[in-house]
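Work through the exercises below with the model in view. Try each task before reading its solution.

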Amino acid sequence: MAAKVEANGSGGGASPVTAKVPAVAHPLAEKADEVASNISYHAQYSPHFSPFKFELEQAYYATAESVRDRLVRQWNETYLHFHKVDPKQTYYLSMEFLQGRALTNAIGNLNIQDAYADALRKFGLELEEISEQEKDAALGNGGLGRLASCFLDSMATLNLPAWGYGLRYRYGLFKQIITREGQEEVAEDWLEKFSPWEVVRHDILYTIRFFGHVEVNPNGSRKWVGGEVVQALAYDVPIPGYQTKNTISLRLWEAKACAEDFNLFLFNDGQQESASVLHSRAQQICAVLYPGDTTEGGKLLRLKQQFFLCSASLQDIISRFKERRQGPWNWSEFPTKVAVQLNDTHPTLAIPELMRLLMDDEGLGWDEAWDVTTRTIAYTNHTVLPEALEKWSQSVMWKLLPRHMEIIEEIDKRFTAMISKTRLDLESELPTMRILDNNPQKPVVRMANLCVVSSHTVNGVAQLHSDILNPELSRIITKWLKTDQWVTNLDLLTGLRQFADNEDLQAEWLSAKMANKQRLAQYILQVTGESIDPDSLFDIQVKRIHEYKRQLLNILGAIYRYKKLKEMSPEERKHTTPRTVMIGGKAFATYTNAKRIVKLVNDVGAVVNSDPEVNSYLKVVFVPNYNVSVAEVLIPGSELSQHISTAGMEASGTSNMKFALNGCLIIGTLDGANVEIREEIGEENFFLFGATAEDVPRLRKERENGLFKPDTRFEEAKKYIRSGVFGSYDYNPLLESLEGNSGYGRGDYFLVGHDFPSYMDAQAKVDEAYRDRKRWLKMSILSTAGSGKFSSDRTIAQYANEIWNIEECRVP
């Protein structure tokens with residue numbers, strides 16, 4: 001239950017707290033008194049709870065609705081302005097949006113923090129404790145979703161005509177709970193009550209079809225009919241730009257069935273479940289992000305989700321395009337007014353769906369529809385991992401989307417003919433380039449190939465984005481640069497380089513870092529019960545748990561460190577660098593080895609942290625349920641961040657940029673964005689180790705041929721786990737994945753053993769650098785100073801110019 005807010009006073013129909021402040025609507029309030037009155041007004045006249053209650057939770061909802069008043073005005077003005085000007089507009093389709101808390105973001109972007117902080121004090125409340133009441137929207141999981149949200153923020157800040165489209169997942173991916181058995185998954189509860197930020201648009205409703213069959217009309221035209229039909233209902237979330245009027249939309253779709261789909265006869269006949277079967281199926285579509293897909297039912301549900309997002313969004317985009325047309329027009333204008341960006345392969349079905357809508361509903365011929373589609377759609381690739389490139393079973397596709405499979409077959413046929421006719425040099429590559437892999441054992445549709453064949457531009461995700469810095473460092477940077485313009489022009493951060501040796505700046509930097517470390521230590525105590533020392537080196541790895549991201553390398557290094565500390569005398573330990581290793585991230589529910597890694601981290605922590613000989617010099621903490629709000633505490637408090645994936649396997653990685661921007665040093669491989677970060681901040685400020693991407697195939701071949709000789713330290717760490725020091729759980733299946741030379745689940749595919757010695761050597765250099773506090777602070781300042789390139793504003797400005805061909809459309 002939320003803590004109670006005690007206050008004196010009374011008033012009819014109001015709680016004692018709100019009665020002290022007049023309940024008067026001030027939707028555009030900027031002064032603290034008016035803001036307070038508007039909050040009081042919402043507490044009384046936009047009620048969601050019993051009267052007389054004004055505890056922290058009620059105060060949060062009333063505050064959020066007060067802020068939303070201001071956003072709605074800007075939102076409506078933005079929509080109206082776009083409608084009048086009719087610019088070319090970008091639509092960003094993504095299965096994930098990882099937003100974080102909307103309240104702090106909105107009042108920061110609107111520049112009304114002080115007014116709201118002062119207003120809440122009139123109720124005896126602090127803004128920070130109210131913000132803590134907000135639950136993160138469970139609409140994403142990792143870098144892909146965080147990227148999408150950062151991009152929307154930048155689109156709004158740069159006054160670009162753009163919208164986002166996603167799905168309104170009721171239960172998210174899952175909430176991670178750590179028990180003695182390891183990770184457990186429970187449903188996210190962010191919509192258990194309601195979200196004050198979303199506005200349901202009851203008039204925005206589209207029909208989405210699944211299954212059915214294709215009818216061929218006498219004139220040769222085709223129509224998809226029959227099957228299962230659900231409705232897509234729009235929920236809009238406002239995305240305010242930083243210190244601008246422009247407020248764009250993230251439109252989220254929810255699936256529902258109609259009242260007429262409820263069979264009253266069956267219900268009254270005692271067949272209640274059968275009576276509402278379509279309602280149940282509709283609810284499943286947006287229930288969970290990435291539902292398990294090991295069964296055909298799971299595969300169909302994932303494919304349903306992807307098509308549901310694409311079809312609803314495209315119908316909406318076409319409707320808006322028509323709404324803005326005045327006078328005669330034709331479809332060739334569509335790509336001059338619409339840019340659709342596919343964030344990874346999940347929205348690939350937008351390609352055949354746009355073709356279907358243009359041909360079957362709008363009457364265009366193939367050539368005209370293909371011209372419109374290929375000039376409209378662009379694709380962002382997020383991975384170089386073969387297993388992560390989506391391939392859908394052709395039989396599942398034919399079953400769920402028969403018309404779309406006809407269209408995909410035709411695209412593949414025409415592409416194959418074009419290559420054979422015009423690019424004889426590529427004919428030998430055609431089997432791997434084709435959209436359809438017709439392997440008789442497992443015929444599939446290669447979604448990435450469909451994107452590449454059908455898009456006018458394909459881009460990767462390296463030079464990407466960073467979040468704005470934490471407030472303590474922000475104030476220091478503004479003071480030393482003598483401007484706050486760096487907030488929207490991160491290139492100005494290079495101005496810090498001239499002060500990197502300045503003792504006054506270093507002292508202020510150290511003080512800000514310590515404040516953030518203390519805040520992080522309090523958070524760790526609150527969520528794990530573990531006390532950590534802010535004077536120790538805070539070493540953090542937070543990301544999705546995956547073997548290629550190599551959290552296993554990290555924890556093996558910590559195990560080796562623990563073993564060496566145990567072997568030292570008390571005097572020798574005093575000369576080591578105390579370190580707190582924090583690891584966080586979710587392992588997919590069906591990914592057994594990833595879940596074993598989570599358990600190992602927790603088992604190691606349980607032993608190390610309770611060992612009185614060692615726990616002043618080393619602690620190991622697993623941070624549960626990592627999300628954006630947790631990142632906002634972890635990243636500012638970090639001093640070393642581990643980005644240690646096997647070289648060549650990370651398309652980019654994005655959290656490394658956020659850590660670097662916040663003055664955190666990186667230990668990492670030459671992989672993804674690490675390459676560019678190292679170039680920007682200076683090689684001497686980056687702790688590099690491991691094989692290069694060019695080395696990896698050769699090293700795997702040598703391993704298969706039995707030529708790998710493991711480092712003694714690596715063998716020692718594994719042996720220590722097997723000795724039972726960390727409990728009786730059988731870690732052999734996990735450790736065996738690092739052993740042997742070949743075979744399924746063996747042979748150390750991700751080169752943990754190969755990179756272990758250079759990783760430990762790099763960690764020794766970290767220890768040495770951290771002991772020289774002046775040197776470390778200089779490196780930290782230079783890390784921030786070199787991070788300007790990784791601004792999402794810069795990236796989006798580049799996309800707008802080079803990919804989408806859209807221009808600023810600022811609300812006057």
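The exercises go from the whole chain to one residue; the model is predicted.

**Exercise 1. Find how the chain's radius of gyration compares with the globule rule.**

Start with the secondary structure: the chain has 32 helices and 21 strands. Next, take the radius of gyration, which is 28 Å. The globule rule also gives 28 Å for 812 residues, so the chain is as compact as a globular protein of that length. For the extents, the C-alpha trace spans about 90 × 80 × 65 Å along its principal axes.

**Exercise 2. Describe the burial, the contacts and the surface of the chain.**

Burial comes first. Of the 812 residues, 58% are buried. Now turn to contacts between residues at least 6 apart in sequence: 75% of them join residues at least 24 apart. Last, the surface. About 33000 Å² is exposed, and carbon and sulfur atoms supply 49% of it.

**Exercise 3. Locate the mean positions of the positive and negative charges relative to each other.**

Count the charges: 91 are positive and 107 are negative. Then compare their mean positions, which lie 1 Å apart.

**Exercise 4. Decide whether D412 is buried or exposed, and list its contacts beyond four places in sequence.**

Place the residue: D412 sits in helix α16, which covers residues 402-422. Check its accessibility. The relative value is 1%, and the cut-off for buried is under 20%. Therefore D412 counts as buried. Now look past the neighbours within four places in sequence: D412 is in contact with R434, I435 and L436. Finally, pick out the L436 link. The D412 side chain reaches the backbone nitrogen of L436 at 3.4 Å.

Methods. Residues are numbered from 1 along each chain as its sequence is written. This is a predicted model: local features need pLDDT of at least 70, side-chain atom pairs count only at pLDDT 80 or more; totals for chains, interfaces and linings use all residues. Side-chain values use heavy atoms; hydrogens and water are left out. Helices (H or I, at least four residues) and strands (E, at least two) are DSSP runs, numbered from the N terminus. The radius of gyration is taken over C-alpha atoms; the globule rule is 2.2 Å times the number of residues to the power 0.38. Buried means under 20% relative accessible area, exposed over 50%, partly exposed in between (1.4 Å probe, protein chains only). Contact means heavy atoms within 4.5 Å. Accessible areas come from the Shrake-Rupley method with a 1.4 Å probe; for residues, only the protein chains shown count as cover. Lys and Arg count as positive and Asp and Glu as negative; His and the chain ends are not counted. The place of a charge is taken as NZ of Lys, CZ of Arg, CG of Asp or CD of Glu. A polar contact is a pair of N or O atoms within 3.5 Å; within protein, one must be able to donate a hydrogen and the other to accept it, and residues adjacent in sequence count only if both atoms are side-chain atoms.
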